[in-house]
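Student: I have a model open on my screen and would like to go through it with you. Could we take the strands and then the aromatic rings?

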Amino acid sequence: MSRRGLVIAVVLLAVVFGLGTWFSRNVAEEVPSGTCRVDDVRLDAEQMSNAATIAAVGLRRKAGERAITVALAAALQESKLRNLEHQGRRNDHDSIGLFQQRPSQGWGTAEQILDQRYAAERFYKALTKVKGWERMRVTDAAQAVQRSAYPEAYQKWADDAQILAAAFAGKTPGALSCEPARAAAVSAAASERFSLDFGRSFQTEENFLRVPVTDPTTGWQVAHWFVAQAEATGVAKVTFGDRQWTPRGEWVPVEAAEGAREVIAELSP
């Protein structure tokens, strides 16, 4: 091999070795997210957590299951339910966040839009201003808010969004389950997130959070929310009525406390 060839070979090896080391380091440092599911709809823990927040904001606003369906379909299309801090699929614009809202179009500052609750609030407010949105197809209602270059794109998410919305609305008991990859280090995040999403607080007892509910539908709204937020908040068990969820990803029968009307979330120690 000539001297020039030897130099080129050494340089190539150095580049390959450097890239390989970088790749291995970054893969090793990446913490995997758990998996969640509602029927055939499967999302990772981050996506389901964002879906839960979007739904909770809708419930707090009394927007209704249909509005939650439209909001979830829009977020699935725009960001795959990830709170993107950079431009998403529209690379030539300043679109950010769950709904790819644009500061330049009056949706708020970048900091505001990256607040999932603010972004959801703005979406619902815009949706309710659309005349007749309740009778529109999901894609038409979402398009009336988003004004996308691909107006039919939202419809492919309509079925998944409806399944998720029904679970978060408490219509399908025990339908939502997650298998967290890890527990959050700060379990206090559960009570803080709940208060921010639902706009109300609840009783805390060391490693237990107790949320009183008035009916089974509300109970399952809260129970499913806790499961969806489990990985981010350190929730290890959720009990409502005669069913209990654990990180194994299942709702199992348990003996119900007589007359109890509360959702109990047990935090990781």
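Student: In what order do the three strands of the open sheet lie?

Tutor: Happy to help, and keep in mind that this is a predicted model. The edge strands, β2 (41-44) and β3 (176-179), each pair on one side only. The pairing is antiparallel, and the order across the open sheet is β2-β1-β3.

Student: By how many degrees are neighbouring strands of this sheet turned against each other on average?

Tutor: Direction is ignored for this value. On average, neighbouring strands here are turned by 20°.

Student: Which residue in β2 stands opposite Thr35?

Tutor: Strand β1 covers residues 35-38, and four bridges join it to the antiparallel β2. Across from Thr35, in β2, stands Asp44.

Student: Now the rings: why is the pair of Trp220 and Phe240 edge-to-face?

Tutor: A pair of aromatic rings is described by the distance of the centres and the angle of the planes. Planes over 60 degrees apart count as edge-to-face. The centres of Trp220 and Phe240 are 5.4 Å apart, and the pair is edge-to-face because the planes stand at 90°.

Student: Are Trp220 and Phe240 buried or exposed?

Tutor: The pair links distant parts of the chain, with Trp220 in helix α9 and Phe240 in strand β6. The cut-off for buried is under 20% relative accessible area. Trp220 has 6%, and Phe240 has 10%, so Trp220 is buried and Phe240 is likewise buried.

Student: Which residues do ring pairs link into a cluster?

Tutor: The structure holds nine aromatic pairs. Ring pairs build a cluster from Phe194, Phe198, Trp225 and Phe226.

Conventions
Residues are numbered from 1 along each chain as its sequence is written. This is a predicted model: local features need pLDDT of at least 70, side-chain atom pairs count only at pLDDT 80 or more; totals for chains, interfaces and linings use all residues. Side-chain values use heavy atoms; hydrogens and water are left out. Two strands pair if DSSP finds at least two bridges between them. Helices (H or I, at least four residues) and strands (E, at least two) are DSSP runs, numbered from the N terminus. Axes are lines fitted to C-alpha atoms, for helices over the stretch in contact, and angles run from 0 to 180 degrees between N-to-C directions. Rings of Phe, Tyr and Trp (its six-membered ring) pair if their centres lie within 6.5 Å; planes under 30 degrees apart count as stacked, over 60 as edge-to-face and the rest as tilted. Buried means under 20% relative accessible area, exposed over 50%, partly exposed in between (1.4 Å probe, protein chains only).
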